[in-house]
Structures are given as C-alpha cells and as structure tokens.
Amino acid sequence: MLQACLNGTRRPEESPWVPVGAGELAAEARRAVDAGAADIHLHPRDHRGAETLDPVAVQDVLQAVREAVGPNVPVGVTTGEWIEPDPARRARLIGSWTTLPDHASVNWHEDGADLVAHALLERGVGIEAGLFSGTRGPDAYLSSPFAGRALRLLAEVICAPAGRAAAEARVMAGRLTSATSAPVLLHGEEDTAWTVLETAAELGLDARIGIEDSLTLPNGAPAEGNAPLVTAARQILRRGRGRLAP
C-alpha cells in the first residue's frame, strides 16, 4: 500500500505546491490517487492556513477530499501535539468531530498518546501509531494498552544520517514486525525519504510519499505536487516487488 501524505507541516513559502485549503487538498488528493496512491494522509488547516483539529475545518477538508477521491480511498488526518499541546483538549476536539476520518495518526512519543488513541477508538476511527526512530515512541507503544489495536504502524526514520537511514529502517522494521502483527508503513523524511522508501520496497512493507516527506524527486528535481512523487514511488515499489517475487 502506498499512502500519499499531502502537506504535513509544510508552509507555502517552502514550495508553491503545498496544498493548504480544502479545495487545494482535494485536487492534490485526486491527482495523487490517479498517480497510484491508495490512501491519503493530510493535515487540515483553518482559514489562516494554520493546522487545526477544529471540527468545522476537519469536516470541510474531509468532505472535499472524499468527494474528489470517492468512497474507496481511505482518508486520514494527524493529531500532532504541536497543533494542540494539551492531550485532554485534543481528545475533546476529537470527540467533537462531526465528520470522521477513516484513520488518524497518534505519535506515541508525545504526551497523552493513550488518551488520544482512546478518543479515536471511541469514535470508531482507526489508529495509525506514529513511531519515530530515536524516541521513546516504539517502547511506549509496545507497552501501551493499545498495542495490537492500531490499524497500522507508521515507522518513521528521522534525524538519521542519509548513509545510515537504510540500516536504521531495517532494524526498526524488524523489531516492529517481530513484536506485532499490525501492518508496518515505513517512511523517512527529507534526505532519507527515498532511501527509506526503497528499503520499504525491498522488505515488502507499506510506504508513503508526498509533499510532507519530500519536496524533491529521487533525481533531486523539485516536485511539482504530490502526483509526481507518487509516480516515482510506484516505480520504486514495483522494482522492489519484482525482486521479492520467487
């Protein structure tokens, strides 16, 4: 499975292709799906372009994106603590959502991850367990009462030197696949995005790519939106599957 991460914390100053409003996110989601993405992850924004968990903004974005991609493409959002530092308030905002995503990411190195996960499960929203390398996230998740209840594990290799990213990704993926039966989605960011995606292909794991993780294509050229990133990722994943074939 290839997930497209459409915008993340990116600002328009970083690239003219960062989608912000509901209409932009819907158009980018449609293009990413047409290029081969099977799942969408996004960060809703308010009218000022700031990330938000506000129910009106979440509803507007989800409705626009679902209308664009159709009912068969899951759409998820973030619950990052940088949006709302108070876990209890984050949980209350989730409880106030009037339109629900198919899944939402919960970063287990953040305070209150179990509380946020509980709020999502109560609403019937699938959990993507965000597990960052070099943090307490993997240990916190595996010892959590929610271990084994996640839709998938987002294994993110961060702050690793490019030359060490593949090795770190293999170690992290090996630990998680041996400890849980949940699908593992392996991904990196910036300089490690493509190296880790290639590793995911080699290991036969789920992957993701998009403006959130990389502003450039594998050849270093600027990506003109999410669709070219998805197209490049699909080519890498196809090569990886070919090497895995008996």
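User: Does A155 count as buried or exposed?
Analyst: The relative accessibility of A155 is 0%. Buried means under 20% relative accessible area, exposed over 50% and partly exposed in between (1.4 Å probe, protein chains only). A155 therefore counts as buried.

User: Good start! What pLDDT do local features need here?
Analyst: Residues are numbered from 1 along each chain as its sequence is written, and side-chain values use heavy atoms, leaving out hydrogens and water. This is a predicted model, where totals for chains, interfaces and linings use all residues, side-chain atom pairs count only at pLDDT 80 or more, and local features need pLDDT of at least 70.

User: Which residues does A155 contact, and in which strand is A155 placed?
Analyst: Leaving aside neighbours within four places in sequence, A155 is in contact (heavy atoms within 4.5 Å) with L131, M172, L176, V184, L185, L186 and H187. Strands are DSSP runs of E with at least two residues, helices are runs of H or I with at least four, and both are numbered from the N terminus. The strand that holds A155, residues 152-156, is β6.

User: How far is the C-alpha atom of A155 from that of A29?
Analyst: A155 and A29 are 126 residues apart along the chain. Their C-alpha atoms are separated by 22 Å.

User: A29 caught my eye. At what angle does its helix, α1, pack with α2?
Analyst: A29 belongs to the contact, along with A22, L25, A26, R30 and V33 of α1 and D60, V61, A64, V65, A68 and V69 of α2. By class there are 10 nonpolar, no polar and 2 charged residues in this contact; Ala, Val, Leu, Ile, Met, Phe, Trp, Tyr, Cys and Pro count as nonpolar, Asp, Glu, Lys and Arg as charged, and the others, Gly among them, as polar. Axes are lines fitted to C-alpha atoms, over the stretch in contact for helices, and angles run from 0 to 180 degrees between N-to-C directions. Helix α1 (residues 22-35) and helix α2 (residues 55-69) have axes 8 Å apart, and the angle is about 35°.

User: Which residues have the most contacts inside the largest nonpolar core?
Analyst: Such a core is a set of buried Ala, Val, Leu, Ile, Met, Phe, Trp, Tyr and Cys residues joined through side-chain atoms within 4.5 Å. The largest one has 73 residues. Beyond four places in sequence, I40 touches Q3, A4, L6, A29, A32, V33, V73, P74, V75, G76 and H103. The residues with the most contacts inside the core are I40 and W108.

User: And N7, what is its relative accessible area?
Analyst: N7 sits in the loop between β1 (2-5) and α1. Beyond four places in sequence, its contacts are V18, P19, L25, L42, H43, R45 and E212. N7 is buried, with a relative accessible area of 0%.

User: How is α3 oriented with respect to α4?
Analyst: The axes of α3 (residues 87-96) and α4 (residues 113-122) come within 9 Å and cross at roughly 10°. Angles under 35 degrees count as roughly parallel, over 145 as roughly antiparallel, 65 to 115 as roughly perpendicular and the rest as oblique. The crossing angle therefore makes α3, relative to α4, roughly parallel.

User: Which residues of α3 does L115 touch?
Analyst: L115 lies in helix α4 and is partly exposed, at 40% relative accessibility. Its C-alpha atom is separated by 8.9 Å from that of R90, 25 residues away along the chain. Within the α3 side of the helix contact, and not counting residues up to four places away, L115 touches P87, A88 and A91.

User: How is α6 oriented with respect to α7?
Analyst: Their contact has A162, A165, A166, A169, R170 and A173 in α6 meeting T195, V196, T199, E202 and L203 in α7. Those residues divide into 7 nonpolar, 2 polar and 2 charged. The axes of α6 (residues 162-179) and α7 (residues 193-203) come within 9 Å and cross at roughly 40°. That makes α6, with respect to α7, oblique.

User: How far apart are A173 and T199, C-alpha to C-alpha?
Analyst: A173, in helix α6, is buried with a relative accessible area of 3%. Beyond four places in sequence, A173 touches L186, L203 and L205. From A173 to T199 there are 26 residues in sequence, and the distance in space is 9.7 Å.

User: Last one: what is phi of E190 near?
Analyst: E190 lies in the loop between β7 (184-187) and α7 and counts as partly exposed at 41% relative accessibility. Most residues other than glycine have a negative phi. E190 has a positive value, near 50°.
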